[in-house]
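Visitor: I have the model open on my screen and would like to know how its features earn their names. Could you take me through them?

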Amino acid sequence: MMNRSTIAGAARRLVPLAGLAAALLPGLALAAAPNDASGTWLTEDGRARIRTEKCGPQNTNLCGYVVWLKVPLNDQGQPRIDFKNPDPKKQARPSLGLQLIMGLKPQPDGHYGGKIYNADEGKFYDVTMWSDQPTELSVRGCLLGFLCGSQTWNRVNDVLPGQLAGPTNGPGGPRSDAEWAPKAPAAASGAPAGGAGTAKPAPKAAPKAGAAPAAAPAAE
């Protein structure tokens, strides 16, 4: 059996370890709970403001839209359009309001991963986004899995002239690509399928005696 002095010594050695664990736990909790990545962000080069928000069938993905451009007009004085888009149907759409973050999926580490569209090149890149600070959004994009670069976007709370501030797909707001646009609810029928309110087809009339079937050729 252990004597009292041995037990007391073991207890004294455990106290510092317990204090160290208590000091580490808050940091671990913060690392496991990143900040919300939704908001409006100024890109690192200052050329655009991007609004990110939850999207998708379960509202768990992250989509993003161009809501402000520092230079909204081209050299001809016309609104910029997405003329480099690989989809010909999208090449005439305005650059202001287009979707460039394509429903990033939540990751176990609290980050979001998926595709981002670069309108300057008309190309899609793999991207990861997360927010460790409430005022910053970290953006890491890669082409072909090895040509990677990182940016930091800063949160903005004001609204500048020309900025889209309306709801997505609503008046004065950006537009979702077709695959990320909210689906309209199916029209409700007056009665459930097969219920009492379902119209039944009229019974077919019995053929007259001696008459040929409709599909049969007429007798000569």
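Guide: Gladly! A pocket here is an open set of grid points with protein on both sides within 12 Å along at least five of seven lines, and its volume is the space filled by probe spheres set on those points. Please keep in mind that this is a predicted model.

Visitor: How much space lies in the largest pocket?

Guide: About 1000 Å³. The second largest pocket has a volume of about 210 Å³.

Visitor: What makes a residue part of the lining, and which ones lie nearest the centre of the largest pocket?

Guide: A lining residue has an atom within 4 Å of a pocket point. For the largest pocket, 36 residues line the space, and R47, Y117, N118, A119 and D120 lie nearest its centre. Strand 8 (147-155) is among the strands that each supply at least two lining residues, and with five residues strand 8 gives the most.

Visitor: How many residues of each class are in that lining?

Guide: There are 20 nonpolar, eight polar and eight charged residues. Do remember that Gly counts as polar here.

Visitor: And which residues are closest to the centre of the second largest pocket?

Guide: G56, P57, W180, A181 and P182, out of 15 that line this pocket. Strand 2 provides the largest share, three residues. By class, the lining of the second largest pocket has six nonpolar, five polar and four charged residues.

Visitor: Why is N61 called buried?

Guide: Buried means under 20% relative accessible area. N61 has 11%, so N61 is buried. You will find N61 in strand 3.

Visitor: How do you know which residues N61 touches?

Guide: Contact means heavy atoms within 4.5 Å. Not counting residues up to four places away in sequence, N61 touches E53, K54, C55, G56, G103, L104, K105 and W180. With G103 there is a closer look to take: its backbone oxygen lies 2.9 Å from a polar atom of the N61 side chain, and the cut-off for a polar contact is 3.5 Å.

Visitor: What makes a group of residues a nonpolar core?

Guide: The members are buried residues of certain kinds, Leu and Trp among them, joined through side-chain atoms within 4.5 Å. The largest such core has 21 residues, and L100, I101, I116, M129 and W153 have the most contacts inside it. Strand 4 gives the largest share of this core, four residues.

Visitor: Which residues is L100 in contact with?

Guide: Leaving aside neighbours within four places in sequence, L100 is in contact with I50, G64, Y65, V66, K115, I116 and Y117.

Methods. Residues are numbered from 1 along each chain as its sequence is written. This is a predicted model: local features need pLDDT of at least 70, side-chain atom pairs count only at pLDDT 80 or more; totals for chains, interfaces and linings use all residues. Side-chain values use heavy atoms; hydrogens and water are left out. On a 1 Å grid over the protein atoms alone, a cavity is a set of points where a 1.4 Å probe fits but cannot get out, and a pocket is an open set with protein on both sides within 12 Å along at least five of seven lines; lining residues have an atom within 4 Å of a point. Buried means under 20% relative accessible area, exposed over 50%, partly exposed in between (1.4 Å probe, protein chains only). A polar contact is a pair of N or O atoms within 3.5 Å; within protein, one must be able to donate a hydrogen and the other to accept it, and residues adjacent in sequence count only if both atoms are side-chain atoms.
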